[in-house]
Amino acid sequence: MLRFADPEAAAGGEDLSAKTLTALLDNAEFHGVLPIMLRKLSGRLPADADLHSKLENLRQKATIATGQSMLLKYHGDRIMKGLAADNIPARIVKGPVFARKLYRNVADRPFTDIDILVEPANLARANQVIAACGFGLGSNEAESYELQEFKWLEKENSSLLVELHGDLVHDTGMRRRLSLGFPELRAIDGEATETPAALLTIAIVHAAGGHKFHRLQLCVDVLQGVRALQSPEAEARLFDAARMTGIELELAVVLDVTGQLFEESRALELAGRIKPDLSIRLARRLITTNTLLGVNSRDRLGSRLRRDAFRWIQRLAKPGRK
């Protein structure tokens with residue numbers, strides 16, 4: 001599974017049975033890495049009618065997903081133009097940016113929504129712009145302000161989702177320690193935009209601060225982010241960003257488990273540079289390769305309990321020095 005999930009790894013030469021390939025395809029779809037696996041599958045497949053029918057169905061779904069991504073990008077661009085016209089600084093983050101900047105094959109990184117980040121003081125004005133672009137609010141307004149996340153659905157096609165963020169950390173219990181908003185990203189990037197350090201910081205927060213390692217795609221983003229970190233200066237900027245945003249715990253844990261999953265020595269080396277306190281040591285015992293691979297297995301309950309326990313460590317961990 002991991003060989004098929006890694007965008008840069010060879011698929012391997014061994015012949016797999018139709019039953020094994022079917023199970024791998026189901027798992028790849030669950031984990032958000034199906035496009036990578038479909039690209040890697042060679043013509044040397046078992047002569048199994050059910051398998052080939054499944055592959056055809058999955059490829060059709062992938063084509064539809066590509067069209068959905070194009071629609072999302074179109075609406076994202078419309079909204080960004082509206083925000084610029086109203087002098088609201090904003091940036092699109094995560095999905096389409098990861099696909100464009102971190103993946104050699106853009107189609108390897110599908111996305112199902114557009115995430116837009118603004119300063120918290122501009123949330124109300126940005127919401128007005130999105131509404132004017134034909135979207136309706138799909139989340140409770142008061143709760144959205146508390147979480148710093150608004151979900152907007154296109155009125156003519158409710159499958160098109162745009163999320164507006166004032167901070168990429170939505171858990172209020174965690175936000176006393178870590179935060180990643182528009183000002184922090186601007187500081188990380190300096191004079192540039194979408195630098196490797198900023199992209200990897202976003203990927204770390206997305207995997208461990210927004211979600212709870214619920215699929216492998218999150219760690220693949222981190223893997224690609226590590227590979228994009230090409231210089232000592234970029235590495236130094238990453239660790240400066242971790243201190244500034246308060247994500248040293250998350251950085252250590254996510255880099256460690258990603259390095260173990262994909263045997264990426266550079267991720268492990270970067271993780272090893274962070275001095276492990278009690279929170280990091282406990283978190284590493286919970287967030288293991290088995291925890292992540294168990295999300296969609298018979299051990300899914302155990303995986304969920306370990307990931308929930310990690311969330312409590314994040315909430316209780318002491319803020320680091322900034």
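**Core, helix H14 and largest pocket**

In this predicted model, helix H9 is largely enclosed by the rest of the structure, because 13 of its 15 residues are buried. The helix runs over residues 196–210 and gives the most to the largest nonpolar core, with 10 residues. The length of H9 agrees with expectation: at 1.5 Å a residue, its 15 residues should span 21 Å, and its end C-alpha atoms are 20 Å apart.

The core to which H9 contributes has 99 residues and is the largest nonpolar core of the model. Within this core, the residues with the most contacts are Leu25, Ile116, Phe213 and Leu255. In soluble globular proteins, nonpolar side chains tend to be buried together. For Ile116, the contacts beyond four places in sequence include Ile79, Met80 and Leu83, along with Ala90, Arg91 and Ile92. Ile116 is also in contact with Val162, Glu163, Leu164 and His165. The partners of Ile116 thus include the charged residues Arg91 and Glu163.

Helix H14 covers residues 278–286 and contains Ile280; Ser279 is found in H14 as well. Ile280 has a relative accessibility of 3%, under the 20% cut-off, and therefore counts as buried. Ser279, at 16%, is under that cut-off too, so Ser279 also counts as buried. With residues up to four places away in sequence left out, Ile280 touches Glu248, Leu249, Ala252 and Val253, as well as Ile274 and Lys275. On the same basis, Ser279 touches Leu249, Ile313 and Ala317. Leu249 is thus a contact of both Ile280 and Ser279. The C-alpha atom of Ile280 is separated by 44 Å from that of Arg44, and the two residues are 236 residues apart along the chain.

The largest pocket has a volume of about 840 Å³. Its lining is made up of 34 residues, of which Ala65, Ser69, Arg109, Pro110 and Phe111 are the closest to the pocket centre. Three helices give two or more residues to this lining: H3 (34–40), H4 (49–85) and H5 (95–102). The largest share, 10 residues, comes from H4. By class, the lining of the largest pocket consists of 16 nonpolar, eight polar and 10 charged residues.

Definitions and conventions: Residues numbered from 1 in each chain as written. Predicted model: local features only at pLDDT ≥ 70, side-chain atom pairs only at ≥ 80, totals over all residues. Heavy atoms only, no water. Core = buried A, V, L, I, M, F, W, Y, C linked by side-chain atoms within 4.5 Å. Buried < 20%, exposed > 50% of the residue type's maximum accessible area, 1.4 Å probe, protein only. Helix = DSSP H or I, 4+ residues; strand = E, 2+ residues; numbered from the N terminus. Contact = heavy atoms within 4.5 Å. Expected span 1.5 Å × (residues − 1). 1 Å grid on protein atoms, 1.4 Å probe; cavity = no way out; pocket = protein on both sides within 12 Å on 5 of 7 lines; lining within 4 Å. Points joined across faces, edges and corners; volume = space filled by probe spheres on them.
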